[in-house]
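Welcome, and thanks for joining this tour. Open your viewer, switch on a cartoon view, and keep the selection box at hand.

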Amino acid sequence: MNNIIKLQDLGNKDYKETWDYQEKLFKEIVDIKIQKRNNPDLITPNYFLFVEHPHVYTLGKSGDISNLLLSEKQLEAKGATFYKINRGGDITYHGPGQIVGYPILDLENFFTDIHKYLRFLEEVIILTLAEYGIIGTRSEGETGVWLAVGTPFARKICAMGVRASRWVTMHGFALNVNANLGYFDNIIPCGIKGKAVTSLHVELGREIDETEIKEKIVKHFAILFDSVFV
């Protein structure tokens, strides 16, 4: 069991480059797990990547392409790219002002329960929002973190989508902090019609310190996962 998590902040980085890097780390962990069958003393590493992407739309493996409301030319005009990827979930947007977190963990170092893993990811964000006086909640059947669930003003502030194989995770969450919400108008976010999207700066009426948010996310993640960040 290894509860140490290597933290890396990639800054502003192209989506495809980051995806390739995730795959590299993911494969490294899986390869070690295969070797562990013959050498039980081997230890699998864990990683946590922070990143901010240029404007990009990504569609999960079970997503519906019709939830992207732009043509290829319109995407180019908006300076955005599009990728169909290997995580769960439908379509989402990433861009400047949004904090994206990719935990690449061997869950056998923590617990082997994907449902619990997703709920813990949500809880990390819920606890972080609470520090700003914002009540984040879950919406039944809709992974992620929401505000004002059960009212006509329900709105999503954090999207989530993960991939897991051999108990190794990749992809993760996208928290709208200072994001330009206009880019969400070009999709049906997560394939859910009739529900709005929001951002921390909209809710609080001011620009938010993104470094401070990352520190709070790491703090709550470390407590919930009983882990140490290095």
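In which sense do strand β3 and β5 pair, and over how many bridges? Select residues 56-59 for β3 and 91-94 for β5. The two strands pair in the antiparallel sense, over four bridges. Before going further, please keep in mind that what you see is a predicted model.

**Stop 1: the three-stranded sheet**

Stay with β3 and β5, and pick out Tyr57. Its bridge partner in β5 is Tyr93. Now add β4, residues 81-84, to your selection. Together these strands make an open sheet of three, in the order β4-β3-β5 and with mixed pairing. β4 and β5 are the edge strands, each pairing on one side only. Neighbouring strands of this sheet are turned against each other by 20 degrees on average, with direction ignored. As a general reminder, strands of a sheet pair through backbone hydrogen bonds, and they can do so in parallel or antiparallel fashion.

Next, show helix α1, residues 15-35. This helix lies across β3, β4 and β5, and it runs at about 30 degrees to β4.

**Stop 2: strand β2 and its partners**

Select residues 47-52, which form strand β2. Is this strand mostly covered or mostly open? It is mostly covered, with six of its six residues buried. Turn on the side chains: Tyr47, Leu49 and Val51 point one way, while Phe48, Phe50 and Glu52 point the other way. Residues on both sides are buried.

Now bring in strand β1, residues 4-12. β1 and β2 run parallel and are joined by five bridges. Click on Gln8 to find one of these pairings: its bridge partner in β2 is Leu49. To get from β1 to β2, the chain passes through helix α1, and this β-α-β crossover is right-handed.

Then select strand β6, residues 98-104. Five bridges join β2 to β6 as well, but here the strands run antiparallel. Look for Phe50, which stands opposite Gly101 in β6.

**Stop 3: Asn109 in its loop**

Move on to Asn109, in the loop between β6 and α3 (114-130). Is Asn109 buried or exposed? It counts as buried because its relative accessibility is 7%. Show everything around this residue: leaving aside neighbours within four places in sequence, Asn109 is in contact with Met1, Asn2, Thr44 and Asn46. For Asn2, zoom in on the backbone nitrogen, which lies 3.0 Å from a polar atom of the Asn109 side chain.

**Stop 4: Trp146 in β8**

Select residues 142-147, strand β8, and find Trp146 there. Trp146 is buried, with a relative accessible area of 2%. A polar atom of its side chain lies 3.4 Å from the backbone oxygen of Glu142. You can also draw a distance line to Leu127: the two residues are 19 apart along the chain, and their C-alpha atoms are separated by 13 Å.

**Stop 5: Leu175 in β10**

Finally, select strand β10, residues 168-176, where Leu175 has its place. Leu175 counts as buried, as its relative accessibility is 0%. Which residues does Leu175 touch, not counting those up to four places away in sequence? They are Gly97, Gln98, Ile99, Ile125, Leu129, Ile157, Cys158, Ile213 and Ile217. For a last distance line, try Phe153: it is 22 residues from Leu175 along the chain, and their C-alpha atoms are separated by 19 Å.

Definitions and conventions. Residues are numbered from 1 along each chain as its sequence is written. This is a predicted model: local features need pLDDT of at least 70, side-chain atom pairs count only at pLDDT 80 or more; totals for chains, interfaces and linings use all residues. Side-chain values use heavy atoms; hydrogens and water are left out. Buried means under 20% relative accessible area, exposed over 50%, partly exposed in between (1.4 Å probe, protein chains only). Two strands pair if DSSP finds at least two bridges between them. A crossover is right-handed if, with the strands pointing away from the viewer, the path from the first strand over the helix to the second runs clockwise. Axes are lines fitted to C-alpha atoms, for helices over the stretch in contact, and angles run from 0 to 180 degrees between N-to-C directions. Contact means heavy atoms within 4.5 Å. A polar contact is a pair of N or O atoms within 3.5 Å; within protein, one must be able to donate a hydrogen and the other to accept it, and residues adjacent in sequence count only if both atoms are side-chain atoms.
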